[in-house]
Amino acid sequence: AANLLRHVDSMTTLPSGAGKISRLNAVILGESLASEEDDLVIPCPDFSSKAHVPSPDKYLEMYQRSIEDPAGFWSDIAATQFYWKQKWGKSVYSENLDIRKGRINIEWFKGGITNISYNCLDANIAAGNGEKIAIYWEGNDLGVDASLTYNQLLHRVCQLANYLKDIGIRKGDAVLIYLPMLMELPIAMLACARIGAVHSVVFAGFSSEALVQRIMDCKPKVVITCNAVRRGPKTINLKDIVDTALAESSRNGSLVDVCLTYANDSALKKESTKWVEGRDIWWQDVVPKYPTTCDVEWVDAEDPLFLLYTSGSTGKPKGVLHTTGGYMVYTATTFKYAFDYKPSDIYWCTADCGWITGHSYVTYGPLLNGATVVVFEGAPNYPDSGRCWDIVDKYKVSIFYTAPTLVRSLMREGDEHVTRYSRKSLRVLGSVGEPINPSAWRWFFNVVGDSRCPISDTWWQTETGGFMITPLPGAWPQKPGSATFPFFGVQPVIVDEKGVEIEGECSGYLCVKNSWPGAFRTLYGDHERYETTYFSAFPGYYFSGDGCSRDKDGYHWLTGRVDDVINVSGHRIGTAEVESALVSHPQCSEAAVVGVEHEVKGQGIYAFVTLVEGVPYSEDLRKSLILTVRKQIGAFAAPDRIHWAPGLPKTRSGKIMRRILRKIASRQLDELGDISTLADPGVVDQLIELADC
Ligand code: WTA
């Protein structure tokens, strides 16, 4: 207790308009808690003493420097921890985030020449880590596994890089990757980066139509995929999806020359795979024949590294573009501090490389640190709900990073699936994708982590490249459900509807005041949309699209999206995308989609559907509407509920009042508010009547 108190006494004022961390002593002395805000989990002194950031004081000192002298802070890290063929020019960064002052522009380490694949592989090997395991791969089915050392990973990457060069892929060319979580996925990303090609990974749960949309936008010459994948008890024939997409995109004028297909024998035999002669090539037939060394294409820090499509409030997905140098420095540094990474750690992130989390924290961040990463092909509840902990014990995983939806679904299955495994290797836990509710946090902390492992609840986005607001394990007490404080160099602000910054205890819209190295630089091919979507709502700031409150102790509490984007099982989806899929159904005349609270998924998809005049409601039609969404976007975007709507609540100018739909969807019928401004207030009663149809 004396130790704890000493530790707590050392706490001082935290940034972002924070007050003192007060009431800590009261908590330790066992006084009852007034509210969630007062619920503090004090780090174990033994953990803190060994942590990279052992105390609030140390954090404050580093944070302050990062804000007062960003150039000095980041260039020290960049210069000492990464290999640069040539150092950057005069200024470490230049930025304009103020739309009133002209074009939005962010650059870090411009003029610096480097390569991220070199820094992930060759640099670690040069530092003596060649024989260290880079990737442990765990297959879907028990007993199917593999591993690669850093040396072996480099060889594989070089062979593929040589092949890509040989078929004419050059610096700046787009390569589309549509692969499940095989080792070949990070290999493909690193091979592209090695030759300066721009990868665009599409999550293998997206449908062929979603794939077409992305192919049409970035026009790759080559698509890298596999024939099929096993997920849980199912086999998914990816090649069929790609075939359909490639046929469609070539009809629309975007011809893909080569479809490099990895033969995933355990899922589907080569002989049973459909084949387009002249376009399709088996990976195993060509790639292993190439040399295991490949010269690096040295690129500018501001040369593009990858494109990743993400959902926004309008229908078309946006190609978020990240460049090389800043992203490299930022993902590596955030990984190191937010997980208190040490070379002896074994790290497992359950995200798929098809999302940003898999880019920054399965592939680049960990490998840049020379970490050993577990890559898991399968489903977390297959063959049973203990699979995650089986994997944790098998590989002695010490850092486990996942999404709240998985935590909640495992929590429902019962503690015994967890407690029958040892889990004693675990040291740090992490959460991402949506706010983690305090009860799920507690279960994760108490049951999974045996009340021993701090939880890094990392708030960030595809656009931010890396963590923005996150605990640093061991640095300060945690509050279950709060992402705590900003990472080094990040200045979050909370603004009101007018864009005025609010100080102290408050809630409002979460913005960021300045640039950070990992920030996205543009939306591919549409800089104007970049400026209007992110920098126009609140001039002078980057607007995240999230709501946030800050409590009396300065802790940040994310409250979810304030735009028309929803987070379903940690997957980001625009309501407009689902609507446009629904209205493509010949019998649907109009659709409005809102998010509703969902016990496991966080948010569920709730769709109000108006049918074409004269078409009757039916169960078959409901199924066929859902199928349409699955086909156009992917299974993860299928609506949880279809609510028949003879009409939608619209203002006289024709705008759908989603506020009312949200209330109806969540059955908060006494909170509908003022409906007198509707063109036809009668539709509300009709909708309520049909609520249980
Ligand atoms: C949400 C995923 C609360 C948020 C990395 C954000 C979170 C969106 C958290 C980005 C968190 C992510 N707490 N909300 N720890 N992490 N979000 O682009 O709404 O797929 O805007 O990036 O997820 O989703 P994206």
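Modeller: Two strands count as paired if DSSP finds at least two bridges between them. Keep that in mind as we go, and remember that this is a predicted model.

Colleague: Gladly. With which strand does β23 pair over 6 bridges, and in what sense?

Modeller: The general idea comes first: strands of a sheet pair through backbone hydrogen bonds, either parallel or antiparallel. Here, β23 and strand β25 (residues 542–550) pair in the antiparallel sense, over 6 bridges. To find the register, look for Cys506, which stands opposite Arg550 in β25. β23 also pairs with strand β21 (residues 492–495), again in the antiparallel sense, this time over 4 bridges. In that pairing, Val495 is opposite Tyr509 in β23.

Colleague: Is strand β23 mostly covered or mostly exposed?

Modeller: A residue is buried when its relative accessible area is under 20%. By that cut-off, 5 of the 7 residues of β23 (residues 506–512) are buried, and the strand is mostly covered.

Colleague: Let's turn to whole sheets. In what order do the strands of the 8-strand sheet run?

Modeller: Read across the sheet from one edge to the other: β12-β11-β8-β6-β7-β14-β15-β24, an open sheet with mixed pairing. Since β12 (280–282) and β24 (522–523) each have a single partner strand, one side of each is left without a neighbour in the sheet. For a parallel pair, take β7 (residues 198–201) and β14 (residues 304–310), which are joined over 2 bridges. Ser200 is placed opposite Leu307 in β14.

Colleague: And which strands are at the edges of the 7-strand sheet?

Modeller: That sheet is open and mixed too, in the order β5-β4-β17-β16-β18-β19-β20. Its edge strands are β5 (145–149) and β20 (455–457), each pairing on one side only. From one strand to the next, the twist averages 20 degrees. At the β5 end, β4 (residues 133–138) and β5 pair in the antiparallel sense over 5 bridges, with Ile133 opposite Thr149 in β5.

Colleague: Now a helix. How does the span of α13 compare with what its 14 residues should give?

Modeller: Use the rise of 1.5 Å a residue: helix α13 (residues 325–338) should span 20 Å, and its end C-alpha atoms are 20 Å apart, which agrees. Burial is worth checking as well: 14 of the 14 residues of α13 are buried, so the helix is largely enclosed by the rest of the structure. After α13 comes Asp340, with a positive phi near 45 degrees.

Colleague: What about empty space? How many cavities of 30 Å³ or more are there?

Modeller: Rolling a probe the size of a water molecule over the atoms shows where empty space is left. The structure has 4 such cavities, and the largest holds about 40 Å³ of space. Its lining includes Phe203, Phe206, Arg214 and Trp355. By class, that lining has 7 nonpolar, 1 polar and 1 charged residues.

Colleague: And which residues lie nearest the centre of the second largest pocket?

Modeller: They are Thr559, Gly560, Glu597, Gly602 and Gln603, out of 35 lining residues. This pocket holds about 970 Å³ of space. Elements giving two or more residues to the lining include β26 (556–561), β30 (602–611) and α22 (658–665), while β29 gives the most, with 6 residues. The classes in this lining are 11 nonpolar, 12 polar and 12 charged residues.

How values were computed. Residues are numbered from 1 along each chain as its sequence is written. This is a predicted model: local features need pLDDT of at least 70, side-chain atom pairs count only at pLDDT 80 or more; totals for chains, interfaces and linings use all residues. Side-chain values use heavy atoms; hydrogens and water are left out. On a 1 Å grid over the protein atoms alone, a cavity is a set of points where a 1.4 Å probe fits but cannot get out, and a pocket is an open set with protein on both sides within 12 Å along at least five of seven lines; lining residues have an atom within 4 Å of a point. Grid points are joined across faces, edges and corners, and a volume is the space filled by probe spheres set on the points. Ala, Val, Leu, Ile, Met, Phe, Trp, Tyr, Cys and Pro count as nonpolar, Asp, Glu, Lys and Arg as charged, and the others, Gly among them, as polar. Axes are lines fitted to C-alpha atoms, for helices over the stretch in contact, and angles run from 0 to 180 degrees between N-to-C directions. The expected span of a helix is 1.5 Å times one less than its number of residues. Buried means under 20% relative accessible area, exposed over 50%, partly exposed in between (1.4 Å probe, protein chains only).
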